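Student: I have a structure to read. Can you take me through it, feature by feature?

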Amino acid sequence: MNINLDVNTLQSISALQRPNKPDLLERVTALFESESPKCVAQVLDGVAAKDLEMIRTGSHTLKSISANLGAMALSARCSDIEHAARTDDLATCEELIQDLNAEFEATVAGIRQFLQHAA
Amino acid sequence: MGEPVYINTEARSPDGFQKTYLVLHVDDDVASLIMAEGALEAAGFEVVQAQNGAEAVQKYIDYAPDLIIMDAVMPVIDGFDAIARIRQLPTGEHVPILMITGLDDLESITRAYDKGATDFLTKPINFFTLPYRMQYMLRAKLTADELRASQSKLDSAQRIARLGHWENERASDCFTWSREFSRVMSLPVLITCGKINDILAKVIDSDRGMVREHMLRAFEEQRSFNIEFNLEHADSDTLRTIRMEAEAHFDELGVFTNLLGTVQDITEHTDAQKQIHNLAYYDLVTGLPNRANLYERLGQALKLAQRAKHEFALLFLDLDHFKQVNDSLGHDAGDDLLQQVSSRLTEIVRDTDAVARNVDESHDELSEQHSVARLGGDEFVVLLGSINRADDAARVAERIACAIGEPYTINDTVVTVTTTIGISVFPADGNDSATLMKHADVAMYHAKEKGRNGFQFYSRKIHQAALARFAIEADLKKAIENESLTLMFQPKVCFSDNKVSGVEALVRWNHETSGPISPADFIPIAEETGLILPLGRWVMEASCIKMQRWIDQGYEPFSVAVNCSPVQIERGTIIDDIDNAISVSGLDPKWLEVELTERLFLKDIDAGIDILRRMKTLGVKVSIDDFGTGFSSLSYLKRLPVDKLKIDQSFVRDLEVDPGDAAIVSAIITLAHNLGLSVIAEGVETQGQLDILKGYRCDEVQGYFISYPQRPEDLSKWLFERSQPGDQKKVIGF
């Protein structure tokens with residue numbers, strides 16, 4: 001699976017690192033690992049419960065935080081889901097979440113791999 | 001990728017102080033917050049964070065950040081509402097806010113600007129360029145702050161200075177102005193444009209035309225001006241003084257573009273100037289001119305007197321025993337006394353102005369030269385800027401001594417003081433201020449040596465002459481009251497029938513101790529002192545009574561000529577004097593002839609003609625005395641409703657030897673006849689003069705050759721003898 005992880009984005013986060021401060025990339029990726037599963041769960045639960053607001057909120061947040069780490073494919077998928085939720089298109093939402101979990105897992109794995117390389 | 005190099009914000013502090021700027025970053029995405037924080041801190045910003053709109057508003061209030069980055073979509077309160085709330089806070093109006101929106105969300109961008117966002121950025125945020133964006137916004141904010149501060153300082157400065165500005169565009173009659181302009185000009189503060197009449201609404205009527213004229217002319221002629229005017233201000237009980245300045249402005253091609261001007265309330269400034277002037281030139285206790293002021297007035301009086309060649313007098317006076325009042329009643333009482341003295345002095349000088357002494361001279365210009373000044377202590381100076389004779393000053397001095405000597409009431413205590421006065425006269429006693437002051441002062445000390453409460457001239461000669469005239473004045477007054485003056489009558493004879501046509505009444509004064517005093521000496525004094533009024537009235541009445549007595553005694557009626565003084569005409573008493581004399585004596589007015597000098601008509605011909613008409617209405621005859629010596633313009637003559645001209649004796653005297661005089665006399669007679677007037681020649685002393693006058697067809701003659709002025713009883717005898725047949729050649733050689 002092409003996880004479409006933009007390495008430049010991850011590298012540029014490192015570049016923002018200031019001396020004598022907690023490791024920025026570590027903090028951001030840790031944040032991503034702790035927050036993003038909640039977002040994925042929120043979207044999936046939302047579809048199951050046919051709660052469009054829940055879907056919209058979850059996909060919006062996941063869209064932003066994945067884009068921050070260069071996970072452009074995941075972000076794009078979230079953007080589509082958010083748009084569908086906003087336009088009350090539950091059917092499209094159901095369709096789009098089919099591979100969501102797999103894509104999310106692959107993204108997390110890709111990030112971990114990058115971190116190992118970086119270290 | 002290397003670490004980006006940001007321009008250090010800390011070093012860019014515009015006011016020179018080390019300062020870091022605080023960014024409030026609002027985002028519900030914690031990762032964004034973390035990464036932005038890193039980038040912003042690297043660029044020198046301090047960062048404070050919030051995760052929703054409500055928290056953002058609170059953090060704004062708590063931290064007063066310089067810049068805000070605001071995510072649009074957030075829980076609790078979204079970014080749009082947060083912006084709206086911050087903008088409504090007292091300090092939130094101008095803080096720059098960068099709105100973060102989705103790339104695809106055009107609607108959000110529009111909404112963000114509507115709510116007051118300064119700029120926007122789309123997601124995903126490029127954290128490297130974010131600090132540059134913030135620095136740009138910061139610079140714009142600082143510039144705007146500076147501009148606002150400067151504008152506010154300018155406004156404050158203009159308000160403090162009460163300085164408003166205005167502008168007038170080329171090719172337009174519209175003006176725009178600042179709020180301070182409205183305040184200064186007492187216009188509604190919210191209106192800051194209009195026409196010229198709107199601007200000048202509160203300018204006082206007498207100044208408005210002048211201001212409008214300046215503004216319009218400056219516009220037409222493209223030039224600057226600087227004027228002052230008065231304004232009725234709604235916030236002020238008194239008129240405000242406004243200075244308006246304007247400058248014409250031109251573009252780079254030299255074409256006139258507009259007028260730019262200011263107005264400033266300078267009332268306090270001008271008041272202060274007046275106050276400074278008052279402090280420098282007026283005495284604080286009495287409000288009178290002080291020494292410096294006196295010297296200026298004295299300088300002016302000197303110039304005027306030198307130019308007009310008249311005299312003036314300086315009266316130097318102090319209060320006798322003033323120190324005792326001060327010591328016994330205290331300084332406040334002393335000041336009170338000085339104030340009362342000064343008002344008495346001022347009153348006397350004012351009354352002096354009102355006394356017209358000489359009808360031939362206009363005192364309007366000169367009278368303003370009279371002034372009272374206080375030199376300090378109990379010393380005062382009275383400057384009489386114009387006097388005719390030294391005794392005018394003596395008269396004023398006497399009135400001053402008299403008025404100052406009246407009792408004063410001070411703190412319920414009656415106080416009496418006297419004054420001693422020294423007088424110097426220009427030019428006799430000095431040609432400059434210092435000398436005149438010194439001599440007046442010296443004269444005062446002489447007066448004190450002689451005993452206080454009096455006056456003394458610096459010059460002994462002037463002093464004695466003034467006293468002598470003074471004495472004459474007093475005696476003349478007594479003589480008029482006692483009717484101890486006498487009348488003499490000089491006959492006039494008519495050529496046509498050789499009969500006595502009339503007599504001229506002449507007043508004589510035989511002084512108790514000094515003997516006879518010439519009318520040439522006492523008439524001027526009577527005119528200067530106003531004694532001429534009762535004197536003239538008495539002469540008129542006594543002459544008419546005497547004339548009526550001759551008629552009653554059976555003499556063939558003839559007319560009695562009475563001289564009338566210009567003062568009687570000026571004061572308007574003459575008509576009543578004539579009326580009175582006619583009614584008291586019962587004389588037919590056709591036998592009364594009033595002689596007037598032609599000098600009378602030099603000043604105001606119309607007023608003179610009016611008086612003559614009224615005399616004619618009473619039925620009396622009018623003749624012009626001293627004809628030929630006064631005005632040169634004969635054109636007056638035809639306008640004067642008179643009956644007779646009297647040729648002055650100066651022409652008659654040399655009639656036999658001076659062909660010029662003969663020609664003048666001949667011409668006057670011809671002219672008079674052509675105008676329907678009869679002619680009398682006075683001062684006829686020889687047969688030769690008589691013959692020439694007869695040849696010129698003169699109507700009447702008067703003079704020693706016919707008869708000297710005679711006492712009434714002698715004249716009766718003379719008339720009787722003349723009426724005897726065969727005795728005529730003895731009296732008159734016709």
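Student: Leaving aside its neighbours within four places in sequence, which residues is Arg18(A) in contact with?

Tutor: This is a predicted model, where local features need pLDDT of at least 70, side-chain atom pairs count only at pLDDT 80 or more, and totals for chains, interfaces and linings use all residues. Residues are numbered from 1 along each chain as its sequence is written, chains are lettered from A and ligands numbered from 1 in the order written, and side-chain values use heavy atoms, with hydrogens and water left out. Contact means heavy atoms within 4.5 Å. Arg18(A) is in contact with Gly38(B), Glu41(B) and Ala42(B), leaving aside neighbours within four places in sequence.

Student: Where is Arg18(A) found?

Tutor: Helices are DSSP runs of H or I with at least four residues, strands are E runs of at least two, and both are numbered from the N terminus. Arg18(A) sits in the loop between helix H1 (7-15) and helix H2 (24-48) of chain A.

Student: How is the accessibility of Arg18(A) classed?

Tutor: Buried means under 20% relative accessible area, exposed over 50%, and partly exposed in between (1.4 Å probe, protein chains only). Arg18(A) has 26%, so it is partly exposed.

Student: How many disulfides does a search of the whole structure find?

Tutor: A disulfide is a pair of cysteine sulfur atoms within 2.5 Å. The search finds zero over all chains. For Cys39(A), the nearest cysteine sulfur is that of Cys78(A), 8.0 Å away. Cys39(A) is buried, at 6% relative accessible area. For Cys193(B), the nearest cysteine sulfur belongs to Cys174(B), at 7.1 Å. Cys193(B) is partly exposed, at 48%.

Student: What helices and strands does chain A have?

Tutor: Chain A has six helices and zero strands. Its radius of gyration, taken over C-alpha atoms, is 15 Å. The globule rule is 2.2 Å times the number of residues to the power 0.38. That rule gives 14 Å for 119 residues, so chain A is as compact as a globular protein of that length. Buried residues make up 49% of chain A.

Student: Which residues divide into nonpolar, polar and charged in the lining of the largest pocket, and how many of each?

Tutor: Ala, Val, Leu, Ile, Met, Phe, Trp, Tyr, Cys and Pro count as nonpolar, Asp, Glu, Lys and Arg as charged, and the others, Gly among them, as polar. A pocket is an open set of points on a 1 Å grid over the protein atoms alone, where a 1.4 Å probe fits, with protein on both sides within 12 Å along at least five of seven lines; lining residues have an atom within 4 Å of a point. This lining holds 13 nonpolar, 13 polar and 10 charged residues. S20(B) gives the most, with five residues.
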